[in-house]
Amino acid sequence: MNRPLTVAARAKVPPFQVMDILSRVAELRAAGRDVISLCAGEPGGGAPSDVSAAAAAVHAAGTPLTYTPALGIAELRDAIAGHYRRWYGLDIPARNVAVTTGSSGSFLLTFLSAFNAGDRVALARPGYPAYKNILRALGIEVIELDCGPESRFQPTPELLDAAARAHGPLAGLMLASPANPTGTMVSRPELSKLAAWCADHSARLISDEIYHGITYPEPGAPDPRGVCAWELDRTSVVISSFSKYWGMTGWRLGWAIVPDDLKDVVDALAGNVALCPPAPAQLAAVQAFTGQSYAEAERAVAEFARTRDYLLANMGRLGWVDVAPADGAFYLYAGLGSAMDGFASSLDYCSAVLESAGVAVVPGPDFDSVGGRGAVRLSFAAGYDAVREGFERIVAFQEARVR
């Protein structure tokens with residue numbers, strides 16, 4: 001008798017609840033409902049005009065869209081290296097730049113190359129769920145650090161010490177600054193301490209810097225765009241993308257800054273896993289680094305800042321608690337507080353807000369499986385007008401329930 005076919009245990013990762021919500025948003029809109037989506041971390045403005053023009057020219061010219069080198073075309077790798085000189089004053093060899101299929105491709109290649117099955121990798125909770133889901137699918141043990149308001153939702157050396165005592169030596173730290181879902185950042189002194197801890201404990205630092213540039217510093221603040229981990233530790237891996245600052249989510253193009261000891265391994269893995277990143281996106285993305293493209297991206301950031309200011313000024317009307325400071329990115333993460341009254345979880349709250357008020361926000365369990373039942377993430381990437389209207393609808397929804 002043939003044995004029954006099975007599904008690999010490592011493949012059984014939880015789905016993003018946000019994807020279910022987005023599906024429901026589509027259903028409601030198809031039925032004629034006016035729904036405002038404050039779910040996805042997706043800028044509404046699209047790619048810079050120079051990038052779009054370059055893409056149109058590539059297709060109009062009938063340019064053969066063949067395979068490229070596994071780590072991307074030389075022109076784009078050079079342009080990314082130039083971006084680090086422009087923003088951080090860093091001289092990064094283009095050979096250390098790996099262009100990937102979105103930042104997601106960088107996570108997969110980095111985790112495959114840096115960690116063995118059974119290794120322990122620490123990360124913050126709450127945090128972006130794909131980190132732990134990819135790590136666990138690869139057989140890597142995820143050590144979640146309980147990062148609450150007292151540590152501004154970011155890891156600390158003390159939390160890492162406690163994790164190592166409880167679980168054993170750590171092989172890596174997955175860090176995000178600005179972070180999803182909280183938007184919080186680590187300062188240069190804080191990142192220096194984390195990098196030093198990793199160096200002292202032979203742990204690889206993986207730094208997700210996808211939201212760099214989407215930051216809200218006070219005038220004259222140091223490191224206004226964020227601190228690049230390669231300024232402090234050239235054994236770390238830096239991951240970024242065209243998706244957020246440049247608004248190019250669907251172009252599926254990201255990159256990693258890869259240290260010398262991983263470079264050849266990442267190259268070989270990339271050729272086997274994906275052959276190469278999307279060719280037309282690469283050809284067009286070179287134009288993301290023009291003066292015009294930077295200017296358009298900065299205008300988008302200014303709009304995010306305006307929207308953030310509105311939300312922070314009005315949060316008291318919602319009664320939400322432990323609101324993360326949102327130093328960067330375009331999210332507000334908070335506990336629901338008394339707004340949870342009558343709901344079993346934030347999932348039920350979000351469902352009711354969507355069905356009754358026509359506003360979609362994300363329940364916290366996507367980001368925190370322990371404390372997220374009472375939390376939500378609101379994305380303000382959709383633009384000032386949409387966010388303001390959605391916010392007012394949520395306020396009206398909550399006020400109607402307590403009358």
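**View 1. Asp309 in helix H10 is partly exposed, with a relative accessible area of 46%.** Partly exposed here denotes a value between buried, under 20% relative accessible area, and exposed, over 50%, calculated with a 1.4 Å probe on protein chains only. The model is predicted, so that local features need pLDDT of at least 70 and side-chain atom pairs count only at pLDDT 80 or more, whereas totals for chains, interfaces and linings use all residues. Residues are numbered from 1 along each chain as its sequence is written, and side-chain values use heavy atoms, without hydrogens and water. Helix H10, which holds Asp309, spans residues 291–314; helices are DSSP runs of H or I with at least four residues, numbered from the N terminus. From Asp309 to Cys198 the C-alpha to C-alpha distance is 36 Å, with their positions 111 residues apart in sequence.

**View 2. The largest pocket has a volume of about 610 Å³.** Among its 32 lining residues, Phe16, Gly41, Tyr128, Lys244 and Tyr331 are the closest to the centre. A pocket is an open set of points on a 1 Å grid over the protein atoms alone, where a 1.4 Å probe fits, with protein on both sides within 12 Å along at least five of seven lines, and lining residues have an atom within 4 Å of a point. Helices H1 (17–30), H4 (102–114) and H5 (129–137) each give two or more residues to this lining, and H4 gives the most, with four.

**View 3. The second largest pocket holds about 300 Å³ of space.** Of the 16 residues that line this pocket, Met185, Pro217, Ala221, Pro222 and Asp223 lie nearest its centre.

Conventions: Grid points are joined across faces, edges and corners, and a volume is the space filled by probe spheres set on the points.
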